[in-house]
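Please look over the sequence and the model shown here before reading on. The paragraphs below then go through the fold step by step.

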Amino acid sequence: MKLKFAPALAVLFVLAACSSEQPITPVPEAQKAVPEASTLPVSETGFSQNAEVQRFIRQQAGLGVMGEGQLQQFFAQSVYKGNIVNIMNRPGTSRPWYEFRSGNAGAGKINGGRRFYQQYRQVLDQVAREYGVPAEVLVAIVGIETNYGSNMGSFRLADSLPTLAFGYPRRGEFFQQELHEFLLMAKEEGRDPFSFTGSYAGAMGMPQFIPSSYRKWAVDYDGDGQRNIWGSVPDVAASVANYLKAHGWQRGGKVMVPVSMVPTTELLALIDEKTALNKTVGELRRMGVTPLEEVADHEKAVLFRLETAPGQYDYYIGLNNFFAVWQYNHSRLYVSAVREIANGVGGGKL
């Protein structure tokens with residue numbers, strides 16, 4: 001996709017990124033004029049006329065993210081996207097595993113993963129050796145997130161993040177923090193903020209990192225001076241591996257193990273608890289849960305089930321590496337799909 005740039009703002013960002021001193025490159029006074037702010041919703045006022053946006057501008061300027069004039073110019077060029085708020089407001093639907101699996105970890109996804117792995121095998125295996133995360137897991141995450149880079153999203157983050165930060169109150173605080181991270185990211189990377197594209201929720205590139213994740217865990221693995229998670233498979237693979245390693249992935253460990261159990265009231269209540277490694281395998285054994293593969297009693301685990309057909313369930317324990325992937329996306333179905341693709345690509349039994 002050919003990106004559109006805002007030249008004047010791009011120059012300001014590049015200059016800011018090249019300077020180690022504060023304040024950032026001065027902006028002409030004419031650009032610093034602050035419009036009269038309104039307390040009406042940003043959908044009615046636009047960004048520049050909104051009181052909450054003006055407070056954010058003053059806060060960010062005070063933190064040294066960039067100059068107030070630059071921020072005024074940024075919001076003057078950002079476009080409120082009401083369709084994004086409409087998407088976010090759609091009621092969530094919980095799908096059973098047999099439906100989720102078909103759409104996210106079916107034969108097409110696995111075959112695509114095999115082709116992706118074959119094409120980039122050398123660098124994927126190299127990253128796997130260095131970080132201790134199997135190559136097939138890296139492939140699986142990229143497959144689920146963006147279908148191996150074919151669907152990375154086309155929303156400008158300079159539009160989507162301000163829209164969600166000031167037009168979606170339910171998660172406004174979260175998205176204002178991500179907008180802060182995004183502005184810093186653009187400054188650090190020396191790029192025009194209007195050149196970044198991603199999902200409607202502000203996730204970017206092949207691994208769909210949000211700005212805070214990018215700043216913490218993205219890696220310039222190919223050594224070209226850019227952490228390019230949009231087009232560099234070495235950078236993408238290392239970034240995902242770095243994320244999982246930072247979140248506790250253990251080299252050589254399994255993700256999940258099938259178990260045999262009678263679904264008692266106590267165990268079903270345990271399944272319904274929030275995802276956390278609160279029990280050891282030994283404790284679960286004493287509660288009537290029998291692992292069907294070898295696993296040490298001292299390992300921490302979470303008990304869960306997958307609906308394989310209407311009203312029919314298979315039961316599992318998720319181990320440490322299950323929890324590491326769960327922190328990438330807080331869904332047990334997501335982790336199960338990652339494992340399904342990884343096993344299909346690598347021929348293993350994670």
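What follows starts with the whole chain and then turns to individual helices, loop residues and a strand.

The model is a predicted one. Its secondary structure consists of 17 helices and 7 strands. The protein has 350 residues, and 52% of them count as buried. About 16500 Å² of surface is exposed, with carbon and sulfur atoms supplying 48% of that area. If one takes the contacts between residues at least 6 apart in sequence, 68% of them join residues at least 24 apart.

Helix α13 is a useful place to begin. This helix covers residues 233–246, which makes 14 residues. At 1.5 Å a residue, α13 should span 20 Å, and its end C-alpha atoms are indeed 20 Å apart, so the expected and modelled values agree. How much of α13 is buried? Of its 14 residues, 11 are buried, so the helix is largely enclosed by the rest of the structure. The cut-off behind this statement is a relative accessible area under 20%. The buried residues run from V233 through D235, V236, A237, A238, S239, V240, A241, N242 and Y243 to L244. Their cover includes α7 (107–119), α8 (121–131) and α9 (135–146), together with α12 (211–217) and α16 (320–326). Just after α13 comes G248, which takes a positive phi of about 100°.

Two helix pairs show how neighbouring elements pack. In one of them, α3 (residues 51–63) lies against α4 (residues 68–77) at an angle of about 145°, and the axes are 9 Å apart. The crossing of α3 past α4 is right-handed. On the α3 side the contact is made by V53, Q54, F56, I57, R58, Q60 and A61, and on the α4 side by E68, L71, Q72 and F75. By class, these residues are 6 nonpolar, 3 polar and 2 charged.

The other pair is α10 (residues 157–167) with α11 (residues 172–189), whose axes come within 7 Å and cross at roughly 150°. Here the crossing is left-handed. From α10, the residues L157, A158, L161, P162, L164, A165 and F166 meet G172, F175, Q176, E178, L179 and F182 of α11. This contact divides into 10 nonpolar, 2 polar and 1 charged residues.

The backbone also deserves a look in the loop between α9 and β1 (155–156), where N147 is placed. Most residues other than glycine have a negative phi. N147 is not a glycine, yet its phi is positive, at about 50°. Y148 belongs to the loop between α9 and β1 as well. Y148 has a positive phi of about 60°, again without being a glycine. Are these residues buried or exposed? N147 is partly exposed, with a relative accessible area of 37%. Y148, at 13% relative accessibility, counts as buried because the cut-off is 20%.

The last stop is T197, a residue of strand β2 (residues 197–198). T197 has a relative accessibility of 13%, so this residue counts as buried. Which separation along the chain goes with the pair T197 and G153? The two are 44 residues apart in sequence, while their C-alpha atoms are separated by 6.6 Å.

Key:
Residues numbered from 1 in each chain as written. Predicted model: local features only at pLDDT ≥ 70, side-chain atom pairs only at ≥ 80, totals over all residues. Heavy atoms only, no water. Helix = DSSP H or I, 4+ residues; strand = E, 2+ residues; numbered from the N terminus. Buried < 20%, exposed > 50% of the residue type's maximum accessible area, 1.4 Å probe, protein only. Contact = heavy atoms within 4.5 Å. Areas by Shrake-Rupley, 256 points an atom, 1.4 Å probe, with all protein chains shown as cover. Expected span 1.5 Å × (residues − 1). Axes fitted to C-alpha atoms, helices over the stretch in contact; angles between N-to-C directions. Left-handed = near helix turned anticlockwise from the far one by under 90°. Nonpolar A, V, L, I, M, F, W, Y, C, P; charged D, E, K, R; others polar.
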